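Here is a short tour of the open and enclosed spaces in this structure, starting with the ligand. Keep the 3D view open as you read.

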Amino acid sequence: MKGKFITFEGFEGSGKSTQIRLFAQYLKKQRLPVLLLREPGSTGISERIRKILLDKKNKALSQDAEMLLYLAARSQLVQEKIIPALKKGKVILCDRFHDATVAYQGYGLGLDKKLINSIGNFVMAGIKPDLTILFDIDVEEGLKRAGRNKDRIEQRPLGYHRRVRQGYLGIAKKEPGRVKVIKVDADIETVQQRVRELAICLFRK
Ligand code: TMP
């Protein structure tokens, strides 16, 4: 595979979606072939799964079905977009990926992390991010920034969100080579500068 695969992870309100957009614009200006994706989503089928997952009305959705739907949306994205783009040498920026399922469904809901990783390995079909940038923010601050119109996941209690954040930090501790943590304690431009500094080494190789 010739391309690069960079994932952006983080807690609600961490500003990761703004940062990924700015970084995509920056790479495009450098004339790099960028593909910007989001999870769950970015294919027709995965966007339909996203609607089911985030719809507040879907109170009956079981925890196991939720986990499997995130993984199904990912499987579609890997096969339809990620693998073909990597073969073409594109730089893929993905707003969330497998770490989100480990953090939100594994640590957050308490589902079996071994099972999530095992289905995840099947779903990812050998694809692994070259770099993951984790935007870390205090839980209360993040939820405040995320605003009032909360989706099905964001509506969950504070304790859930605390477990998600700790989960993400645990993943970063286990894989310090791949996962780099950026503290969201500065303005957008300063945080963007940190993103560029972290990612630049991938393009020097
Ligand atoms: P977004 O708000 O970053 O677009 O993500 C959608 C929501 O889905 C967000 O609340 C995090 C959640 N999520 C999971 O619970 N598990 C996952 O595997 C992914 C990718 C997202």
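In this predicted model, a polar side-chain atom of Thr101 lies 2.6 Å from an oxygen atom of the ligand. The protein covers 93% of the 470 Å² of accessible area that the ligand has on its own. The ligand takes up the space of the largest pocket, so that is a good place to begin looking around.

**Around the ligand**

- The shell around the ligand has 13 residues, and Arg50, Tyr70, Arg96, Thr101 and Gln105 come nearest.
- The side chain of Lys16 has an N or O atom 2.9 Å from an oxygen atom of the ligand.
- For the side chain of Arg74, the distance from an N or O atom to an oxygen atom of the ligand is 3.2 Å.
- At least two shell residues come from each of α2 (44–54), α3 (63–87) and α4 (98–108).
- With 4 residues, α4 gives the most to this shell.
- By class, the shell holds 6 charged, 5 nonpolar and 2 polar residues.

**The largest pocket**

- This pocket, which the ligand fills, has a volume of about 580 Å³.
- It is lined by 27 residues, of which Glu12, Lys16, Arg50, Arg96 and Glu154 are the closest to its centre.
- Helices α1 (16–29), α2, α3, α4 and α6 (139–146) each supply at least two lining residues.
- Here α4 has the largest share of the lining, with 4 residues.
- The lining is made up of 11 charged, 9 nonpolar and 7 polar residues.

**The second largest pocket**

- About 310 Å³ of space lies in the second largest pocket.
- Of its 17 lining residues, His98, Asp99, Asn117, Glu175 and Arg178 are the closest to the centre.
- Two or more lining residues come from each of α4, α5 (113–124) and α7.
- The largest share, 5 residues, belongs to α5.
- Its lining counts 7 nonpolar, 6 charged and 4 polar residues.

**The cavity**

- There is 1 cavity of 30 Å³ or more in the structure.
- The largest cavity has a volume of about 30 Å³.
- Its lining consists of Glu9, Asp99, Thr132, Leu134, Tyr168, Ile171 and Val179.
- β4 (131–136) and α7 (158–174) each give at least two residues to that lining.
- The cavity lining divides into 4 nonpolar, 2 charged and 1 polar residues.
- Asp99 is worth a second look, as it lines this cavity and is also among the residues closest to the centre of the second largest pocket.

Methods. Residues numbered from 1 in each chain as written. Predicted model: local features only at pLDDT ≥ 70, side-chain atom pairs only at ≥ 80, totals over all residues. Heavy atoms only, no water. Near = heavy atom within 4 Å. Polar contact = N/O pair within 3.5 Å; in protein donor to acceptor, adjacent residues only side chain to side chain. Areas by Shrake-Rupley, 256 points an atom, 1.4 Å probe, with all protein chains shown as cover. 1 Å grid on protein atoms, 1.4 Å probe; cavity = no way out; pocket = protein on both sides within 12 Å on 5 of 7 lines; lining within 4 Å. Sits in = over half its atoms within 2 Å of the grid points. Nonpolar A, V, L, I, M, F, W, Y, C, P; charged D, E, K, R; others polar. Points joined across faces, edges and corners; volume = space filled by probe spheres on them.
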